[in-house]
Amino acid sequence: TSEMEQIFVARDGARTRVRHETDYVHADTMVTRSFDWDAGARDWTPRRTYTWIRREGDPRRLCPGIGRG
């Protein structure tokens, strides 16, 4: 498991906290989750979850957008 916390500061000084967690659940699979900090509740609010699965093959064929600039 890995975790990263980011703090974004706007020009007006407003701050936004975001946390990302990554779990390696299998040799070919990882799950990433993101959270927003809720200052009122003083807790993290879940945002999104993605499951990434490694597939065999050429990534340029599997993901047609790769390599286009």
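**View 1. Strands β1 and β2 run antiparallel and are joined by 8 bridges.** In this predicted model, strand β1 covers residues 2-9 and strand β2 covers residues 15-26. For a pair to look for across the two strands, take glutamate 5, which stands opposite arginine 19 in β2. The hairpin of β1 and β2 has 5 residues between the strands. Glycine 13 is the residue to inspect here if you like backbone torsions: glycine 13 takes a positive phi near 95°.

**View 2. Arginine 17 sits in strand β2.** Have a look at the surroundings of this side chain. Leaving out residues up to four places away in sequence, arginine 17 touches Glu5, Gln6 and Ile7, and also Phe35, Asp36, Trp37 and Trp44. Trp44 deserves a second glance: arginine 17 and tryptophan 44 are 27 residues apart in sequence, while their C-alpha atoms are 9.3 Å apart in space. Is arginine 17 buried, exposed or partly exposed? Its relative accessibility is 27%, so arginine 17 counts as partly exposed.

**View 3. Threonine 29 belongs to strand β3.** This strand spans residues 29-38. Which residues does threonine 29 contact, once its neighbours within four places in sequence are set aside? They are Asp23, Tyr24, Thr51, Trp52 and Ile53. Threonine 29 has a relative accessible area of 16%. Buried means under 20%, so threonine 29 is buried.

**View 4. The whole protein chain holds 1 helix and 4 strands.** Stepping back from the close-ups, you can follow the elements from the N terminus in the order β-β-β-β-α. The C-alpha atoms fill a box of roughly 45 × 30 × 15 Å along the principal axes. How does the radius of gyration of the protein chain stand against that of a compact globule of 69 residues? The protein chain has 17 Å, whereas such a globule would have a radius of gyration near 11 Å. Of the 69 residues, 16% count as buried. Among contacts between residues at least 6 apart in sequence, 11% join residues at least 24 apart.

**View 5. The accessible surface of the protein chain comes to about 6000 Å².** Carbon and sulfur atoms account for 49% of this surface. The protein chain also carries 13 positive and 11 negative charges. How far apart are the mean positions of the two sets of charges? The answer is 6 Å.

Terms used: Residues numbered from 1 in each chain as written. Predicted model: local features only at pLDDT ≥ 70, side-chain atom pairs only at ≥ 80, totals over all residues. Heavy atoms only, no water. Rg over C-alpha atoms; globule rule 2.2 N^0.38 Å. Buried < 20%, exposed > 50% of the residue type's maximum accessible area, 1.4 Å probe, protein only. Contact = heavy atoms within 4.5 Å. Areas by Shrake-Rupley, 256 points an atom, 1.4 Å probe, with all protein chains shown as cover. Lys, Arg positive; Asp, Glu negative; His and termini not counted. Charge placed at Lys NZ, Arg CZ, Asp CG, Glu CD. Pairing = 2+ DSSP bridges.
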